[in-house]
Structures are given as structure tokens and as C-alpha cells.
Amino acid sequence: MTAVQEPTIVTESPAEGMEAERLQGDAAAAARAMIVFENVHKVYDPNVVALEGASFVIEKGEFVFLVGPSGSGKSTMVRLLLKELEPTSGRIIVGGRDLGRLRRSKVPQLRRNIGCVFQDFKLLPNRTTAENVAYALKVQGEGRNAIRSKVPEVLGLVGLTHKVNSYPDELSGGEQQRVSIARAFVNHPPLLVCDEPTGNLDPDTSVGIMQLLYRINRSGTTVVMATHDREMVDKMRRRVIALEDGKIARDERRGGYSE
């Protein structure tokens, strides 16, 4: 009679178990992350340090303010996110893409998933409100039917249904910024990056713009906003990453403009 061989039981050492848990935790964190900066340095010629050792993780759906004085590194960080600049060293991941490994041919695809809002609006002066928003869709290859559907929808969201045929010089500063936001958000990108979006606006108009960005964030879009708007940051009480001389001086979950 042939003896039945007992199955071999492979046990995991405590160290191996801890390592497996760590890897699972890292994978879960990566799945939640929209932006990862790992020890990022940026040095401009001749030896001007713009960012030094920046490390942080921004999760999907967060609303984050980047604050700090002029020259602290906020705009550099925004340009690195858009891959307009390359870091001197370190690693940047946006939406699961390692930007250091991203081929140049894939950069337009990256930027299609990032909406951008700037201080100076960057509207086309010879196109109406609707045409400015539609243009963003055209350059991404959207068809006429999609454009006809998406443009009125997003202009309704930003409260500009009554201004569809107005040109930029017929709009107030706040209305122009709403067009800019509509253009950035028309394809519902997972990430919206704003560089001083209220910088040229009066306080009352700024409140309206921030309320709009808050609504967009509540829909699930991650919002990262570089700003000098102290009053708005203190009112909103969202996460604040404060930069000083290229270094992260503070990272608070419900922070104010200053400590």
C-alpha cells in the first residue's frame, strides 16, 4: 500500500508578512493618489534652486492650496505637474503616470486629463464665450455632436448661459474667469490645476469663483490651486501646502494661509 504524503505547509516569516502588508499598503495608496512628489528638486541655471526635496501625496478628490511668497516655488510646481519643466531630480506621478518615464508623444494625452486655469484667463479675443469653450474640445478631436452637447452644459454650470455669444472684451473679469474655468472643465478632467485664478479679481468676484471651484471639487475632481489669496484660504480651511525658499515649510489638512 502506497503511503500518502502529507502536504507541505509553507509558513511566512513575520518579516515577510510585514513586507507583503507594506506592499499592499503602497499599492492601495498609489490607487488613491492623484499626485505624488518624491524628493523633487528643480534647479535653474545658473544654480538657482526653485524646489528642494519636495515630497507629498495628493489623493483623488482633494482640494489643496499651494501658498507662499513670490519665488517660493509654486509656479515651478505647477509647471512640473504639466510637464512643461523637467525636475533636476526626484520623481513625479500624476494620475498613475510616472512623468519621468512618459514619452514625449504621450504628453498631450497627459494634459488632456488636466484642466488649467490661469490668472490672465488666456481667452481667444476674436471668439465668443461658446467658441472659446468649443475650441478646447476641437483641439482634442471631439466631434460636432459632442461639442453641441458639452458646451451648453458646462456654460450652465458656470452661470454663463446668457453670455454664450459675448466676446471677451464684453465680459467682466469674473465672467472671463468663468469662461476659463468652463474651458478647463468641459471634458470633466480628473485634475484641475489653478495658478492664481483670483489674482486679478475683486474680493466679491473671487468668492464666486471659489464657490464654483468648490462645486467642481465636490463632483469628484481634484483641485490644486496656487494662490496669494490669504482671506480665501483662511475661509475655506482646506489642505494647505506652504512653500518657502523652494522647501515645503508646512502641510496641514485644514490649514490657514499662515501658521
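Here is a chat between a student and a tutor about a predicted model of one protein chain.

Student: Let's start with the basics: how many helices and strands does the chain have?
Tutor: The model is predicted, and the chain in it has 259 residues, of which 44% count as buried. As for its helices and strands, the chain has 8 helices and 10 strands.

Student: What share of the contacts with a separation of 6 or more comes from residues 24 or more positions apart?
Tutor: Here we look at contacts within the chain, leaving out those with a separation under 6. Residues 24 or more positions apart account for 69%.

Student: And how much of the accessible surface belongs to carbon and sulfur atoms?
Tutor: The accessible surface of the chain is about 14200 Å². The part that belongs to carbon and sulfur atoms is 48%.

Student: Why is strand S7 described as largely enclosed by the rest of the structure?
Tutor: Look at residues 191-195, which make up S7. Leu191, Val193 and Asp195 point one way, while Leu192 and Cys194 point the other way, and all are buried. S7 is largely enclosed because its buried residues number 5 of 5.

Student: Which strands pair with S7?
Tutor: On one count, S6 and S7 are parallel and share 5 bridges, with Val117 opposite Cys194 of S7. S7 also runs parallel to a strand at residues 222-226, again with 5 bridges, and there Leu191 faces Thr222. The partners are S6 and S8.

Student: Is helix H4 mostly covered or mostly uncovered, and what do its buried residues pack against?
Tutor: In H4, 7 of the 10 residues are buried, so to speak mostly covered. Among them are Thr129, Asn132, Val133 and Leu137. Those buried residues pack against H5 and H6.

Student: Now the largest pocket: which element gives the most to its lining?
Tutor: The largest pocket has a volume of about 560 Å³. It is lined by 21 residues, and the closest to its centre are Arg111, Ile114, Cys116, Ala136 and Gln140. Two or more lining residues come from each of helix H3, strand S6, helix H4 and helix H6. With 4 residues, the one that gives the most is S6.

Student: How many residues in that lining are nonpolar?
Tutor: Sort the lining of the largest pocket by class and you get 4 polar and 5 charged residues. The nonpolar residues number 12.

Student: Which two residues does a cis peptide bond join?
Tutor: Most peptide bonds are trans. For the cis bond here, omega is about -5°, and its proline sits in the loop between strands S1 and S2. The two residues are Asp45 and Pro46.

Student: Is Asn39 buried, exposed or partly exposed?
Tutor: Asn39 lies in strand S1 and has a positive phi of about 50°, although it is not a glycine. Its relative accessible area is 45%, and the range between 20% and 50% is called partly exposed. That makes Asn39 partly exposed.

Student: What about Lys83: buried or exposed?
Tutor: Lys83 is in the loop between helix H2 and strand S4. Its phi is positive too, near 60°, in a residue other than glycine. Its relative accessible area is 11%, and anything under 20% counts as buried. So Lys83 is buried.

Note on methods:
Residues are numbered from 1 along each chain as its sequence is written. This is a predicted model: local features need pLDDT of at least 70, side-chain atom pairs count only at pLDDT 80 or more; totals for chains, interfaces and linings use all residues. Side-chain values use heavy atoms; hydrogens and water are left out. On a 1 Å grid over the protein atoms alone, a cavity is a set of points where a 1.4 Å probe fits but cannot get out, and a pocket is an open set with protein on both sides within 12 Å along at least five of seven lines; lining residues have an atom within 4 Å of a point. Grid points are joined across faces, edges and corners, and a volume is the space filled by probe spheres set on the points. Ala, Val, Leu, Ile, Met, Phe, Trp, Tyr, Cys and Pro count as nonpolar, Asp, Glu, Lys and Arg as charged, and the others, Gly among them, as polar. Buried means under 20% relative accessible area, exposed over 50%, partly exposed in between (1.4 Å probe, protein chains only). Contact means heavy atoms within 4.5 Å. Accessible areas come from the Shrake-Rupley method with a 1.4 Å probe; for residues, only the protein chains shown count as cover. Two strands pair if DSSP finds at least two bridges between them.
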